[in-house]
Amino acid sequence: MKLRPLTPKDADVCYALFHRTVHGGTGAFYGAEQRAAWAPARAHAPDSWPERLTSGFAICATRWGKIRGFFTMGHDGHIDFAYVALEEMGKGTAARLYDACETEARRLGLSQMDTEASHLARRFFEKRGWQVVARQSVIRDSVAIENFRMQKQL
C-alpha cells in the first residue's frame, strides 16, 4: 500500500468508493433512505468534489495502483472525509490514512482535531483517543442522519 496526495482528477473514483462504502458498510446503522440521502447514486462526483477533496490536506491509499481509501482534513484540523473500500476494512488502511492526518495536524501546530463521525467511524476514532462532543442529526434531502461530533486534543 502506498499513500499519495489526492488530485482533482481523483474525484470520480473517490465518489464511487464513498458511495459503495456508505451503501455496503453502514447498513447495520442506517436505513436505505438514509444511505441514499447520504450518498446518492450518481455517474460522476458532484461538481464541488474536486475542490472539496483537495482544499486542505488530502491523502489516499493505493494498492496495485487503485485508490483503496481516502481522508481529507482542513488546515483547521477538521476531518471531512474518512472512507476506505469495504475490502480494506480491518487491514490497517484507515489507520495509515488517519496517522498521516494526525501527523499533519501536529506539524501545523494544531491543538485539536475534530470530525462528524458516523456510527461506524465513531468506533474507529474512539480507539484513537477521540471523544464524542455531541450526538446530532444532519439533514440531507429532508432525511435525518445521526452522527457524532467528535474531537481529539493533541
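**A pocket and the sheet beside it**

Let's begin with the lining of the largest pocket: strand β4, residues 78–84, supplies the largest share of it, seven residues. Keep in mind that you are looking at a predicted model. The space in this pocket comes to about 1,000 Å³. In total, 45 residues line the largest pocket, and those nearest its centre are Trp38, Ala82, Tyr83, Ser118 and Ala121. What kinds of residues make up this lining? There are 24 nonpolar residues, along with twelve charged and nine polar ones.

Now let's follow β4 into its sheet. The sheet is open and has seven strands, which run in the order β1-β2-β3-β4-β5-β7-β6 with mixed pairing. Why do β1 and β6 each have one side without a neighbour in the sheet? Because β1 (2–5) and β6 (131–140) stand at the edges, each of them has a single partner strand. On average, and ignoring direction, neighbouring strands in this sheet are turned by 30° against each other.

You can take a look at one edge in more detail. Here β1 pairs with strand β2, residues 57–63, in the antiparallel sense, and four bridges join the two. Within this part of the sheet, Leu3 sits opposite Ala61 of β2.

Finally, let's turn to helices that pack on the sheet. Helix α1, residues 11–25, touches β3 (66–73) and β4, and its direction makes about 90° with that of β3. Helix α5, residues 119–126, packs on the sheet too, touching β3, β4, β5 (112–117), β6 and β7 (143–153). The direction of α5 makes about 10° with that of β7.

How values were computed
Residues numbered from 1 in each chain as written. Predicted model: local features only at pLDDT ≥ 70, side-chain atom pairs only at ≥ 80, totals over all residues. Heavy atoms only, no water. 1 Å grid on protein atoms, 1.4 Å probe; cavity = no way out; pocket = protein on both sides within 12 Å on 5 of 7 lines; lining within 4 Å. Points joined across faces, edges and corners; volume = space filled by probe spheres on them. Nonpolar A, V, L, I, M, F, W, Y, C, P; charged D, E, K, R; others polar. Pairing = 2+ DSSP bridges. Axes fitted to C-alpha atoms, helices over the stretch in contact; angles between N-to-C directions. Contact = heavy atoms within 4.5 Å.
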